[in-house]
Amino acid sequence: APSPRRAAQFGLLAIVALAAAAISVAAATGGSSESARDEPVSWRGLVGGPHPEVPVGQRMIVVLRTPSLARRVAAAGGRASEANQRRWYTAAQAAQRQLIARLSIAGLQLRPEFSFSRVISGFSAPLDARAVALLQRFPEVEGVYPVRIAYPASTTSQLLERDDLAAGSAARARLGLTGYSGRGVTVALLDTGVQHAHDYLAGAVLEGVDILENDDLASAKANPDEPSELERHGTQLAGLVVGSGGPGGLTGLAENATLLPIRVAGWQRDVTGRWAVYSRTDQLIAGLERAVDPNGDGNALDAARIAIVGVAEPYAAFGDSPAARAMAGALALDTLVVAPA
């Protein structure tokens, strides 16, 4: 693993890359095919314009008081053996199963969609009002939170039309850290799928993890109703981080790093039943679980040192939210999370 100083410096590279991505995505596409312009608008934020209205049903994230792997490692001073980490991870999972069994005895049949034991302790599941009320009476439960929606981060066309970013300006980003190219560092990219065969990404991208489809290849998926329409956001951000051989000698800001794509966003149904590209906070947390434990064995010693999140949750400014807790948990396991705001 790199030194803390080197990790911090590379973290700045990641921040720069993500900031550039917000500009590049809108500039390159002139408006994203991922936005369903004719569909109902659920919000109009400061970035990206309208987004499709998305159903979350009765999905909730249940945060438990049982210590997660991150809390155990933090309590141990930030260092723990592989054996201890796996033991703590197993204990957190066992506590969840015991709670679910007790709820079953009380007449509540839970079917968790995602289980979390590394960055936070808890799970997500569809819950009605009766189930939430019952859960809140259990001492093991710290909180119950609604699942929220996160969209691929972008910026406004008005910003892109001004000054150095205007069409034909030939502006080129010149930010970077001299002497640091990301060599030896693994960057987890939590976004849509990535086009592994893209010419500018050759040899820099691992197979990855697909959270949405439980697949070991986080490839860019096509719109089920329009096969020619691929997810693009993850590929564009990957190019800004590790791309090489681009036109005019353009390269990513950390072209010698290795990218681990984790597909937490992609084609999913909106309220009209049509396909739109988005993520949910429980899917994002599931992605962070794999960023700190890429092979899924309960040991975070192989964690990615940087995790770049390419999606933004509108109006999310709550320090005690499950996503914020999960990012703090990732940091406790030596993974720096860089997210758009």
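## Overall composition

Accessible areas come from the Shrake-Rupley method with a 1.4 Å probe. In this predicted model, the accessible surface of the protein comes to about 15,900 Å², and carbon and sulfur atoms hold 52% of that surface. Of the 341 residues in the protein, 48% are buried.

The secondary structure consists of eight helices and 17 strands. Among contacts with a separation of 6 or more, 76% are between residues 24 or more positions apart.

## A four-stranded open sheet

One element of the protein is an open sheet of four strands, arranged in the order β4-β5-β3-β6 with antiparallel pairing. Its edges are formed by β4 (114–116) and β6 (141–146), each of which pairs on one side only. On average, and with direction ignored, neighbouring strands of this sheet are turned by 20° against each other.

The pairings can be followed across the sheet. Strands β4 and β5 are joined in the antiparallel sense by three bridges; Phe 116 has Gly 122 of β5 as its bridge partner. Strands β3 and β5 also run antiparallel, with five bridges between them, and Met 60 is the bridge partner of Ala 125 in β5. Five bridges likewise connect β3 with β6 in the antiparallel sense; here Val 63 has Gly 143 of β6 as its bridge partner. Strand β3 is mostly covered, with five of its six residues buried.

## Helices packed on the sheet

The β4 and β5 pair, antiparallel over three bridges, is also contacted by helices. Helix α3 (residues 82–105) packs on the sheet and touches β3 (59–64), β4, β5 and β6. The direction of α3 makes about 40° with that of β5. Helix α7 (residues 281–291) packs on the sheet as well, touching β3, β4 and β5, and its direction makes about 50° with that of β4.

Helix α7 also packs against helix α8 (residues 322–332), at an angle of about 10° and with the axes 10 Å apart. Because angles under 35 degrees count as roughly parallel, α7 is roughly parallel to α8. On the α7 side, the contact is made by Leu 284, Ile 285 and Leu 288; on the α8 side, it is made by Pro 322, Ala 323, Ala 326 and Met 327.

## A buried residue: Ser 124

Ser 124 lies in strand β5 (residues 122–126). Its relative accessibility is 1%, so Ser 124 counts as buried, the cut-off for that class being under 20%.

The side chain of Ser 124 forms a polar contact of 3.2 Å with the side chain of Asp 282. Not counting residues up to four places away in sequence, Ser 124 touches Met 60, Ile 61, Pro 112, Glu 113, Phe 114, Phe 116 and Asp 282.

## An exposed residue: Glu 207

Glu 207 is placed in the loop between β8 (186–191) and β9 (209–210). With a relative accessibility of 54%, Glu 207 counts as exposed, because that class begins over 50%.

Glu 207 nevertheless has contacts beyond its sequence neighbours: leaving aside those within four places, it is in contact with His 196, Asp 216, Leu 217, Ala 218 and Pro 261. Glu 207 and Val 194 are 13 residues apart in sequence, and their C-alpha atoms are 9.4 Å apart in space.

Technical notes:
Residues numbered from 1 in each chain as written. Predicted model: local features only at pLDDT ≥ 70, side-chain atom pairs only at ≥ 80, totals over all residues. Heavy atoms only, no water. Helix = DSSP H or I, 4+ residues; strand = E, 2+ residues; numbered from the N terminus. Buried < 20%, exposed > 50% of the residue type's maximum accessible area, 1.4 Å probe, protein only. Contact = heavy atoms within 4.5 Å. Polar contact = N/O pair within 3.5 Å; in protein donor to acceptor, adjacent residues only side chain to side chain. Pairing = 2+ DSSP bridges. Axes fitted to C-alpha atoms, helices over the stretch in contact; angles between N-to-C directions. Parallel < 35°, antiparallel > 145°, perpendicular 65-115°, else oblique.
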